[in-house]
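Welcome! Please take a moment with the sequence and the 3D view below, and keep both at hand while you work through the exercises.

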Amino acid sequence: MSEWLVLTFAVLVTCAVVVLAAVLRQRRVGEDDDPSETPDVIEYMTMMIGVVYAIVLGLAIAGVWEAQGAAAEWVRREAQALHEMDERAAVFPAETRDAIRADIAAYVAHTVGEEWSHMVDHGELTERGDELLAQLRTTVLAPEPETVRETQAYQGLADQVAVVDEARAGRGDSAQPTMPGVVWAGLIAGAAVTIGMVFMLQIQRSGRELALAGLFSALITFLLFLIWYFDSPFAHVLGDSSEAYMSFFPQSGDGD
């Protein structure tokens, strides 16, 4: 099911529940109920709860947005470092050059073809990816440079292997959800309390009041959806793993 279809369904269900609750509540209390009798303290509490919850939502959105940006940066750095290694290997003899490029292609193919889906499903990297990176490091550090150009390229390759290792570790950390379960419980409970306090103001069945209550609930649902969407960047925002890697290594898209 598409994420946007999920959002549309959640918004419609939330609005329907809120409007239905308002109508049933008004029928229960009767038409003679006077909304002006609502104590001022309830209005003040509703305002304060809304402000506090808005701040919490803003912080949560900022947190997951920052985490999504960090995940995209780790992917970009890893792909760029692998590309630099592929280019720098050109100065070595054919046998060494081909071995380095073959290991790079195998690592990229595994990352795109298998590791990405495993990372999305399990929130961790694969042991096979670790083995391929270790093999790449061994292949890069094995040759003895014989010329000035090879010496310069050798140091650059060693540095880029370290960059790939760091970026891979960062990518693995970013695969974990940003928001802990207890935070999600607080966000959902806060949404229920915030919407519930609106009903304490004795919403009537007028079209204007029902529309405002529905829009308010839809806004909270949308913001919670944004947090959920960015909370798993590799499953949603960065779902197409091939975009970063395959722009540099289009020949590695067929698998290991």
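Here are some exercises on this predicted model, each with a worked solution.

**Exercise 1. Find how many helices and strands the chain has, and the pattern they follow along the sequence.**

Step 1: Count the elements. There are eight helices and zero strands in the chain.

Step 2: Read from one end to the other. The pattern is α-α-α-α-α-α-α-α.

Step 3: Look at the chain as a whole. It has 256 residues, and 39% of them are buried. Taking the contacts with a separation of 6 or more, 83% are between residues 24 or more positions apart.

**Exercise 2. Describe the largest nonpolar core and say which helices supply at least two residues of it.**

Step 1: Start with the core itself. The largest nonpolar core holds 29 residues, and L82, M85, I104, V108 and Y245 have the most contacts inside it.

Step 2: Assign helices. At least two residues each come from helix 2 (40–88), helix 3 (94–122), helix 4 (127–141), helix 5 (148–174) and helix 8 (242–246).

Step 3: Find the main supplier. Helix 3 gives the largest share of this core, with seven residues.

Step 4: Zoom in on one member. Leaving out neighbours within four places in sequence, Y245 is in contact with V75, E78, A79, V108, T111, V112, W116 and R171.

Step 5: Check for another core. Apart from the largest one lies a core of 22 residues, including C15, A60, A213 and L224.

As background, nonpolar side chains in soluble globular proteins tend to be buried together.

**Exercise 3. Decide how helix 3, helix 4 and helix 5 run relative to one another.**

Step 1: Recall what to look for. Two packed helices are described by the angle between their axes and the distance between the axes.

Step 2: Take helix 3 and helix 4. Their axes come within 9 Å and cross at roughly 165°. An angle over 145 degrees counts as roughly antiparallel, so helix 3 and helix 4 are roughly antiparallel to each other. Helix 3 passes helix 4 in a left-handed crossing. On the helix 3 side, the contact includes A99, I100, D103 and I104, while helix 4 brings residues including R128, G129, L132 and L133.

Step 3: Take helix 4 and helix 5. Here the axes come within 10 Å, crossing at roughly 170°. That makes helix 4 roughly antiparallel to helix 5. This crossing, too, is left-handed. Among the residues that meet are G129, D130 and L133 in helix 4 and Y154, L157 and A158 in helix 5.

Step 4: Take helix 3 and helix 5. They pack at an angle of about 5°, and their axes are 14 Å apart. Angles under 35 degrees count as roughly parallel, so helix 3 is roughly parallel to helix 5. I100, Y107, T111, E115, W116 and M119 in helix 3 meet L157, V164, R168 and R171 in helix 5.

**Exercise 4. Is E115 buried or exposed, and which side chains make polar contacts with the side chain of E115?**

Step 1: Place the residue. E115 lies in helix 3.

Step 2: Check accessibility. Buried means under 20% relative accessible area; E115 has 0%, so E115 is buried.

Step 3: Look for polar partners. The side chain of E115 makes a polar contact of 2.8 Å with the side chain of R168. A polar contact of 3.1 Å joins the side chains of E115 and R171.

Step 4: List the wider surroundings. Not counting residues up to four places away in sequence, E115 touches H110, L125, T126, G129, R168 and R171.

**Exercise 5. Compare the burial of R171 and W74, and find what W74 is in contact with.**

Step 1: Begin with R171. R171 is in helix 5, and R171 is buried, with a relative accessible area of 0%.

Step 2: Turn to W74. W74 is in helix 2, and W74 counts as partly exposed at 21% relative accessibility.

Step 3: Identify contacts. Leaving aside neighbours within four places in sequence, W74 is in contact with E166, A167, G170, R171 and S174. From the other side, the contacts of R171 include W74, V75, E78, F234 and Y245.

Step 4: Set sequence beside space. W74 and V163 are 89 residues apart in sequence, and their C-alpha atoms are 9.8 Å apart in space.

Definitions and conventions
Residues are numbered from 1 along each chain as its sequence is written. This is a predicted model: local features need pLDDT of at least 70, side-chain atom pairs count only at pLDDT 80 or more; totals for chains, interfaces and linings use all residues. Side-chain values use heavy atoms; hydrogens and water are left out. A nonpolar core is a set of buried Ala, Val, Leu, Ile, Met, Phe, Trp, Tyr and Cys residues joined through side-chain atoms within 4.5 Å. Buried means under 20% relative accessible area, exposed over 50%, partly exposed in between (1.4 Å probe, protein chains only). Helices (H or I, at least four residues) and strands (E, at least two) are DSSP runs, numbered from the N terminus. Contact means heavy atoms within 4.5 Å. A polar contact is a pair of N or O atoms within 3.5 Å; within protein, one must be able to donate a hydrogen and the other to accept it, and residues adjacent in sequence count only if both atoms are side-chain atoms. Axes are lines fitted to C-alpha atoms, for helices over the stretch in contact, and angles run from 0 to 180 degrees between N-to-C directions. Angles under 35 degrees count as roughly parallel, over 145 as roughly antiparallel, 65 to 115 as roughly perpendicular and the rest as oblique. A crossing is left-handed if the near helix is turned anticlockwise from the far one by less than a right angle, and right-handed if clockwise.
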